[in-house]
Amino acid sequence: MLLSSGVFLALGVARVGSREDVPPAPPDTARVASEPVAPGPVLPGQSQTPPPERIPPAATGEALSSALNEERVVLASSAVIEGIDTDRPWVCTGEAMTLSARVAGTPEPDAVMRWVWPGAETGAELHPGARLPWRAPATPGRYFVRFQLCKDLGGRRVGVLAERVAAIDVRACGQDEGQARALRIEATQQGPSAFAFRAVSPHPATTYAWDFGDGSSAATTEPTATHAYALPSPGEPDVRVLTVRLSARGDGGERTATAFVQLRGPPPSDTPPRARLQMERVVARTADEGWRSKVQVDVPEGSAVTWERVERLTVSWDDQVDVQTHPWRELITVEEDLGRGGFRGHVTVRLSDVRPEVKQISDVLHGRDTTGEEVSLSWSAFKAEPARPSPLPAERPPAK
């Protein structure tokens, strides 16, 4: 679990004040391609590729991490955020909207899902899970909410495996311009995997087409439907969020609605981690070697790990990531063998690797246990200090 920020897995929405001692981070100018902005949901049956959109400075990953008092580390990952769905295409000021993220790719061990966005009165607001009940502010405009897959790296360090930004249009609506009278879906859970759905609308319909989000569908003449889902299997994420879509057709034409259901798998086992990491990064560099970090890896009894390689990720100030793979003993100097794959040693970042455009260098140690399962540990080997503004020149006294 991620405990770095103290509010990372808090229930409900956690509001975190901004830090005045942290200088503003450079804006995300080049991450739009890797962090696509989802400009409100695409309506059912439509296909749309959003154009690149500049993310406001307060909604960048660096700014939000600073507001959460975290140290942001970008990690290489096979996890993919396919998109973000919402239950309505736009929202009026003060109204509620539900967002749901679709995650694919190979699941990452100990990965945590969360939403984070700039707070109206605080530096950042945070909510855990794949689904977010978000309430629009009182001021109309375009707002940005960031969904992240993260991993705890110890201390204040939070590793970002993947992220995606949703752009939400908040409108100033008149008395009869809101979406309260629009078609909506009420979902009621009747068992571990069984749900009952009801279409709610002041406009009558004659046929209802239901898409339950798992490949199943149904057509009814009544505004109700039931469906039983398959629970997550072992090895799959323990929580799944599925998108339910409804198309209702009547004399007034066709109307659509979206809702989300959440399925929980069996509770995780109490199997201990296959390897534990202790890391201490030395801020001051040595005269000849560069920046040295102490690392210790412990492997519990009854298991053994064979380490294979280290991926070194170099992150520039414009958030471009360069990944290089090395034999693990090429970057890690082992000072003491602790057995079963455990060791005590250090990692060095050379002076020549820290160019002016480098913001952060992270390492991911990969190996396999006796069953062939992959084991990985990660840490931040170097982090540049934020550039401080130059002092203003002193005013010259007026000439006499």
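Okay, let's start with the disulfide between cysteine 92 and cysteine 173: the torsion about its S-S bond is about -90°, so this one is left-handed. The two sulfurs sit 2.0 Å apart. And keep in mind that we're looking at a predicted model here. What does the bond connect? Distant parts of the chain: cysteine 92 is in strand β5, residues 91–92, while cysteine 173 is in the loop between β11 (157–171) and β12 (184–189), and the two are 81 residues apart.

The two ends are not in equal surroundings, by the way. Cysteine 92 has 3% relative accessibility, so it counts as buried. Cysteine 173 comes out at 27%, so that end is partly exposed. How many disulfides does a search of the whole structure find? Just 1. While we're on cysteines, there's also cysteine 150, which is buried at 0% relative accessibility.

Let me zoom out for a second. The protein chain has 400 residues, and 42% of them count as buried. There are 2 helices and 26 strands, so most of what I'll show you concerns strands. If you take the contacts with a separation of 6 or more, 64% come from residues 24 or more positions apart. On to the sheets. One is an open sheet of 4 strands, in the order β22-β21-β25-β26, with antiparallel pairing. Who stands at the edges? That's β22 (321–327) and β26; each has a single partner strand, so one side of each is left without a neighbour in the sheet. Direction ignored, neighbouring strands here are turned by 20° against each other on average. Strand β25, residues 358–369, is joined to β26 by 9 bridges, and the two run antiparallel. If you want a landmark for that pairing, go to glycine 367: its bridge partner in β26 is valine 375.

There's another open sheet, with 3 strands in the order β12-β13-β16, again with antiparallel pairing. Here β12 and β16 (224–228) are at the edges with a single partner strand each, so each has one side without a neighbour in the sheet. The average turn between neighbouring strands is 25°, direction ignored. Between β12 and strand β13 (residues 194–200) you'll find 6 bridges, running antiparallel. Arginine 184, for example, has valine 200 as its bridge partner in β13.

Now a hairpin, the one made by β14 and β15. Strand β14 covers residues 207–211, and Tyr208 and Trp210 make up its covered face, while Thr207, Ala209 and Asp211 are on the uncovered one. That fits the general picture: in a regular strand, side chains alternate between the two faces of the sheet. β14 pairs with strand β15, residues 217–220, in the antiparallel sense over 4 bridges. Tryptophan 210 has alanine 218 as its bridge partner in β15. There are 5 residues between the strands of this hairpin, and glycine 213 takes a positive phi near 90°.

Tryptophan 210 takes us to the aromatics. It belongs to one aromatic cluster, together with Phe195, Phe197, Phe212 and Tyr229. How many aromatic pairs does the structure hold? There are 8. I'll show you two of them.

Tryptophan 134 and tyrosine 143 form a tilted pair, 6.3 Å centre to centre with 55° between the planes. Tryptophan 134 is buried, at 4% relative accessibility. Tyrosine 143, at 24%, counts as partly exposed, because the cut-off for buried is under 20%.

Then there's tryptophan 291 with phenylalanine 382, an edge-to-face pair: 4.9 Å between the centres, 65° between the planes. Why does this pair tie together parts that are 91 residues apart in sequence? Because tryptophan 291 lies in strand β20 (residues 291–298) and phenylalanine 382 lies in strand β26 (residues 374–383). Buried or exposed? Both tryptophan 291 and phenylalanine 382 are buried.

One last stop, and this time it's a helix. Glutamate 62 is in helix α1, residues 61–67. Its relative accessibility is 9%, so glutamate 62 counts as buried. What does its side chain contact? The side chain of lysine 359, in a polar contact at 2.6 Å.

That's my tour; have a look at the model and shout if you'd like to go back to any of these spots.

Note on methods: Residues are numbered from 1 along each chain as its sequence is written. This is a predicted model: local features need pLDDT of at least 70, side-chain atom pairs count only at pLDDT 80 or more; totals for chains, interfaces and linings use all residues. Side-chain values use heavy atoms; hydrogens and water are left out. Buried means under 20% relative accessible area, exposed over 50%, partly exposed in between (1.4 Å probe, protein chains only). A polar contact is a pair of N or O atoms within 3.5 Å; within protein, one must be able to donate a hydrogen and the other to accept it, and residues adjacent in sequence count only if both atoms are side-chain atoms. A disulfide is a pair of cysteine sulfur atoms within 2.5 Å. Rings of Phe, Tyr and Trp (its six-membered ring) pair if their centres lie within 6.5 Å; planes under 30 degrees apart count as stacked, over 60 as edge-to-face and the rest as tilted. Two strands pair if DSSP finds at least two bridges between them. Axes are lines fitted to C-alpha atoms, for helices over the stretch in contact, and angles run from 0 to 180 degrees between N-to-C directions. Contact means heavy atoms within 4.5 Å.
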